[in-house]
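Grab a coffee and open the structure viewer. Below are some short exercises, each with a worked solution to check yourself against.

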Amino acid sequence: MNARFARDSIFALSILLGATLAEPAVRASARAAAQTEAYRARLSPLPRAGQTVRSITGVGQVRATLSGTRLTLTGEFRGMSSPATVAHLHVGPPGQPGPTAAPLQVTAAAEGQISGTVDLTPAQVTSLRADGLYVQIHSQGNSNGELRGWIYDTDVIGETAANYAPTSLTVADLMRDFVPVTAEMLRNTDPADWPMMRGNYLAHSYSELDQVDAGNVRGLQLEWVWNMHDGNSEPAPLVYGGVIYLINPGNVIQALDGRTGDLIWEHDSSTPDDNQDMRGIAIYGDKIIQGTTDARIVALDARTGEQVWETLIQEGNSLSSGPIVADGKVISGLASCATYGPDRCFISAYDANTGRPLWRFNTIAEAGEPGGDTWGDLDNVYRKGGETWITGSYDPELNLTYWGTAQAKPWVPASRHMSIFDEGLHTNATVAVDVETGALRWAFQHVPGEALDLDEVFERVLVDRDGQRMVLSIGKHGILWKNDRVTGRFLGHTETVFQNVFTNIDPRTGAVTYRDDIINAQIGEWTPACPSSAGGKDWHSMSYHRPTGVLVAPLSQTCLENRAAAVELRVGSGGTASARTFYEMPGSDGNLGKLGAYDVSTLREVWSYEQRASFLTGVLTTAGNVAFVGDEDRRFRAFDVRTGEILWETRLGTSAQGHPFTFSVDGKQYIGVTAALGGTSPRQVPRTVSSELRYPNNGNALYVFSLPE
């Protein structure tokens, strides 16, 4: 678990692709117009695996031409840590090393020339045209390879290098220049940074940067791409001081130079055979703080990636979203609370400097506690659910942290030996917890006795407007809830998509009334409902655009039929205990994806945009009046936040998934988004309902865009 740069078999290399993502048809037409095809590769450092490297200076580029099946390569390199020994042409898709195709000539020095002429096989020609060949230079100090670069058509990467100088940050630079992050810096964030999941404590997913705006966003070009590790991935990168901190599948953290995409360090906190995803990480002081999928909190030195401390939250549980650091405390949720047994589900806090546990707030009320009588006659070991699997938000003035809680488990009251009128506190609620003590300040249960796997666990957006301190949320029911964040008092709601779970929602209290067939659902019976378990809304964060006072939310329009299974009351049993089928939402015209903008004062819909493909990223809005969001069909788009007009779009290597972000280095604004795979209902439901939408089953990567100089 030491910090490092690469593992031999899965090292992912930063590739500068130039100005734009070219479609295959464009590249094919360009090849057809010329007998000789032009290619280029940018060589980037590939430090020795298992070591923390203190400097990164190696750089190079190779130009290549293909005439028939003969590939001719010439290039140069400099700044290697030791003299070159050999060089090769290899076969392997971007980011995935492969076997040697042919030797190349190379100067036996730390800088020099590389060249070669290779007669390619037909299969190798096909690989070249599919971006599947790369050049690698080995050195005395790094026999496994010190420089590497994939060969791209110049229609994609350009005729000349846009950034050839070795300007990347180094570990030494960070150790010298790193400024520890203070509580005040997190309260009043520098617009150049993106220091936490959703950008700030209030979960706005909004940036004050405006260099990229609604008038010039059409000029966005690809700056660089970084290929990530394979596996389930829904990342929320953060940025501080020009460095991007990125979580990969399997609990791998990487630090990248935000300007060039070069790797600074990598740390692996994984457990064996663990390729699951984690969304967010945090920064505080000189530490990057991550939650792991097996429910540990790990603190790393932000400058080097070395582990500083580690604390286990609870054996047998998991996490899927990272912590938030508030008032010097690392505050984390907990997942996988569905199995019957004595362990409780809770929100917990830890000293950010040492990892020492400070407090716990239990989300499930047990017998004899306030709310303990809302679980019927169940013994404590059978009261399950209430997970907090999405990172909370924080109001520094009130010193309260706000979290959504998941539904009771199993999913259907009949399966959990309860009535639908047994509320099951504090499930499907907003809880406001005192950051100093962990005491509950207030709770509001949006959906008591939830019956269809429609949880209300997602981000709580904190807004000050119209003289009110609000907390806003949307759960899988697709209902936008507004509460007073000082008292929890219900302030209003609106339905963002069609729902037929409730026949009435009281406009004064927010109390919901279920349909009779849902109330009376028995084991083995199929119960239809809209929305489905993909939402409404799921983990994809909405954004509050402060200048216009609107929330822009990524929504889903599908429905389900749910059938409850019998569950025995015994330790080790429990779970979710339902079978489900999915279908298109009535009235949606087959449009699974919806992007909606809602006035936070009136809760009225300002505009909406619907499409066949599901939105699989959060929304990022900026002071430039742009809203960025990506979808299953590989599209990453910029919308006018005022009108919903599409201003710009591109297509990624596979489906867009994760949390877009923006940052600035040396006065230049960048926009980042990840392409990724994996996930539960938000991926499984579209796969069933819109199976005609196809995308590659690999290709996790971080894409960074900017305006041309």
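Keep in mind that this is a predicted model.

**Exercise 1. Start at Ile331: which residues is it in contact with, leaving aside its neighbours within four places in sequence?**

Step 1. Begin with the part of the list that comes before Ile331 in the numbering: Pro323, Ile324 and Ala326 are among the contacts.

Step 2. Now add the rest, namely Ile347, Ser348, Ala349, Trp359, Thr401, Trp403 and Val435.

Step 3. Put Ile331 in its setting. The largest nonpolar core has 52 residues, and Tyr245, Ile288 and Ile331 touch the most other members. There is also a second, separate core of 37 residues, with Val626, Ala638, Trp648 and Phe661 among its members.

**Exercise 2. Work out the order of the strands in the open sheet that contains E29, then find the edge strands.**

Step 1. The sheet has 4 strands, in the order E26-E27-E29-E30, and the pairing is antiparallel.

Step 2. Strand E26 (393–395) and strand E30 (440–445) are the edges, as each pairs on one side only. On average, neighbouring strands here are turned by 20 degrees against each other, direction ignored.

Step 3. Look at the pairing of E29 (residues 429–434) with E27 (residues 400–404): 5 bridges join these antiparallel strands. Thr401 sits opposite Val433, and Gly404 has Thr430 as its bridge partner.

Step 4. Do the same for E29 and E30. They also pair in the antiparallel sense, over 5 bridges, and here Thr430 has Phe444 as its bridge partner. The hairpin of these two strands has 5 residues between them, and Gly438 takes a positive phi near 80 degrees.

**Exercise 3. Sort the residues of E29 by the way they point: which go one way and which the other?**

Step 1. Recall the rule: in a regular strand the side chains alternate between the two faces of the sheet.

Step 2. Apply it. Ala429, Val431 and Val433 point one way, while Thr430, Ala432 and Asp434 point the other way.

Step 3. Check burial. In E29, 6 of 6 residues are buried, so both sets pass the under 20% cut-off for relative accessible area.

**Exercise 4. Decide where the buried residues of helix H2 lie around its axis.**

Step 1. List the buried residues of H2 (residues 122–129): Gln124, Val125, Ser127 and Leu128.

Step 2. Look down the axis. These residues fall within an arc of 160 degrees, so they line one face of the helix.

Step 3. Turn to the other side of H2, where Pro122, Ala123 and Thr126 are exposed. Just after the helix, Asp131 takes a positive phi of about 65 degrees.

**Exercise 5. Find the parts of the chain that are tied together by the salt bridge of Arg42 and Asp262.**

Step 1. The whole structure holds 41 salt bridges. In this one, the side chains of Arg42 and Asp262 meet at 3.8 Å, N to O.

Step 2. Place both ends. Arg42 is in strand E3 (residues 36–45) and Asp262 is in the loop between strand E15 (252–257) and strand E16 (263–268), so the bridge ties together parts that are 220 residues apart in sequence.

Step 3. Check exposure: both Arg42 and Asp262 are buried.

**Exercise 6. For the salt bridge of Asp453 and Arg580, are the partners buried or partly exposed?**

Step 1. The closest N and O atoms of Asp453 and Arg580 are 2.6 Å apart. Asp453 lies in the loop between E30 and strand E31 (461–465) and Arg580 in strand E41 (residues 578–584), 127 residues apart.

Step 2. Asp453 has 5% relative accessibility, so this residue counts as buried.

Step 3. Arg580 has 24% relative accessibility, so this one counts as partly exposed.

Step 4. Finish with a group: salt bridges that share partners join Asp631, Asp633, Arg635, Arg637, Glu649 and Arg651 into one network.

Notes
Residues are numbered from 1 along each chain as its sequence is written. This is a predicted model: local features need pLDDT of at least 70, side-chain atom pairs count only at pLDDT 80 or more; totals for chains, interfaces and linings use all residues. Side-chain values use heavy atoms; hydrogens and water are left out. Two strands pair if DSSP finds at least two bridges between them. Axes are lines fitted to C-alpha atoms, for helices over the stretch in contact, and angles run from 0 to 180 degrees between N-to-C directions. Buried means under 20% relative accessible area, exposed over 50%, partly exposed in between (1.4 Å probe, protein chains only). A nonpolar core is a set of buried Ala, Val, Leu, Ile, Met, Phe, Trp, Tyr and Cys residues joined through side-chain atoms within 4.5 Å. Contact means heavy atoms within 4.5 Å. The arc is that of the directions from the helix axis to the C-beta atoms. A salt bridge is a side-chain nitrogen of Lys or Arg within 4 Å of a carboxyl oxygen of Asp or Glu.
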